[in-house]
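Hi everyone, thanks for coming. Could we get the picture up on the screen, please?

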Amino acid sequence: MTFFMFFTMAITIIIMGIAYADANTKLKSRRESKGDGIKKLKTDATGKYPVAVRTAFLNYNELPFYEALMTFLPAEVIVCPKISLLNVLTVNPGSGWKEEDVATLADKKVDFLICDASTMKPMIAIEIGLTAVNEMEEFKEKLCRDAGLRFLRYPTKDRYTKEDISSLLDNHFPKKEKVASFDSL
């Protein structure tokens, strides 16, 4: 009887080991195919990725707008440039959107996002540059508006004045001194 029990245990352990190895191989294969979210990118001969820090984060149109924006806005808000809509918007549960639908948000960015400085709640999305709105710009605007986020568009200029920014944002920040709470915005 002991031989039979020993034999049965040995067979069970072997079967469990094979099942574990098979499951581990499938899991490893799945991770490799998905890449755990990290795409396998090529490196150079030294093993480094072929990347460098940009010389400027904002382009020649965005930087003057940002500088003018900073002179106008109250201290109670913060400006975040070049923000992915995936970081700003969330998909409603039960919407039926698939993973690839949500991924389209990651590809869409707004030039500037004004947030409440104390809570970082997004308040206003701003796009500059396009006077003729294309389908992609309309899509970004509709996404923001459907989420309840104000969306403003301003044409590109060589230089922006405080008056330019004031004309764009006066309705949103009527009196700089009285901006104490943004809940009403």
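I'll walk through the sheet, then the salt bridges, then a pocket and a couple of contacts between distant parts of the chain.

One thing before we start: this is a predicted model, so please keep that in mind as I talk.

Okay, the sheet. In what order do the four strands sit in the open sheet? The order is 1-2-3-4, and the pairing is mixed. At the edges you'll find strand 1, residues 77–84, and strand 4, each of which pairs on one side only. If you ignore direction, neighbouring strands in this sheet are turned by 25° against each other on average.

Let's go along it pair by pair. Strand 2 covers residues 109–116, and strand 1 pairs with it in the antiparallel sense over seven bridges. If you want to find that pairing on the screen, look for Cys80, which stands opposite Leu113 in strand 2. Another place to look is Ile83, with Val110 of strand 2 opposite.

Now, is strand 2 mostly covered or mostly open? Mostly covered: seven of its eight residues are buried. Here's a handy bit of background: in a regular strand, the side chains alternate between the two faces of the sheet.

Moving on, strand 3 is residues 122–128, and four bridges join it to strand 2, with the two running antiparallel. Ile114 faces a partner here too, standing opposite Ile124 in strand 3. Strands 2 and 3 make a hairpin, with five residues between them. Have a look at Met120 in that turn, because its phi is positive, at about 65°.

Right, salt bridges. How many does the structure hold? Eight. I'll pick out three of them.

Start in helix 5, which is residues 135–147. Glu137 and Lys140 both sit in that helix, three residues apart, about one turn. Their side chains meet in a salt bridge, 3.3 Å from N to O. Are these two buried or exposed? Both Glu137 and Lys140 are buried.

The next one is between the side chains of Arg153 and Glu141, at 2.7 Å from N to O. Arg153 belongs to strand 4, residues 150–154, while Glu141 is in helix 5, so this pair ties together parts that are twelve residues apart in sequence. How exposed are the two partners? Arg153 has a relative accessible area of 22%, so it is partly exposed. Glu141 is at 22% relative accessibility, and counts as partly exposed as well. If you're wondering about the cut-off, buried means under 20%.

My third example is Lys157 with Asp164, where the closest N and O atoms are 2.9 Å apart. Lys157 is partly exposed, with a relative accessible area of 31%. Asp164, on the other hand, is at 12% and therefore counts as buried.

Some of these bridges share partners, and that joins Glu127, Glu137, Lys140, Glu141, Arg145 and Arg153 into one network. You've already met several of those names, so try tracing the network on the screen.

Let's talk pockets. I'd like to show you the second largest pocket, which has about 250 Å³ of space. Which element gives the largest share of its lining? That's helix 5, with four residues. The residues that line this pocket include Leu89, Thr90, Trp97, Lys142, Leu143 and Asp146. Sorted by class, the lining has six nonpolar, three polar and two charged residues.

Last stop: two places where parts of the chain that are well separated in sequence come together in space. Met136 lies in helix 5, and it is partly exposed, with a relative accessible area of 38%. The C-alpha atoms of Met136 and Lys108 are separated by 8.6 Å, and those residues are 28 apart along the chain.

The other place involves Thr161, in the loop between strand 4 and helix 6, which is residues 162–169. Thr161 is partly exposed, at a relative accessible area of 23%. How many residues lie along the chain from Thr161 to Pro64? They are 97 residues apart, with their C-alpha atoms separated by 8.9 Å.

That's my tour. Turn the model around on your own screens, and shout if you lose track of a strand.

Terms used. Residues numbered from 1 in each chain as written. Predicted model: local features only at pLDDT ≥ 70, side-chain atom pairs only at ≥ 80, totals over all residues. Heavy atoms only, no water. Salt bridge = Lys/Arg side-chain N within 4 Å of Asp/Glu carboxyl O. Buried < 20%, exposed > 50% of the residue type's maximum accessible area, 1.4 Å probe, protein only. 1 Å grid on protein atoms, 1.4 Å probe; cavity = no way out; pocket = protein on both sides within 12 Å on 5 of 7 lines; lining within 4 Å. Points joined across faces, edges and corners; volume = space filled by probe spheres on them. Nonpolar A, V, L, I, M, F, W, Y, C, P; charged D, E, K, R; others polar. Pairing = 2+ DSSP bridges. Axes fitted to C-alpha atoms, helices over the stretch in contact; angles between N-to-C directions.
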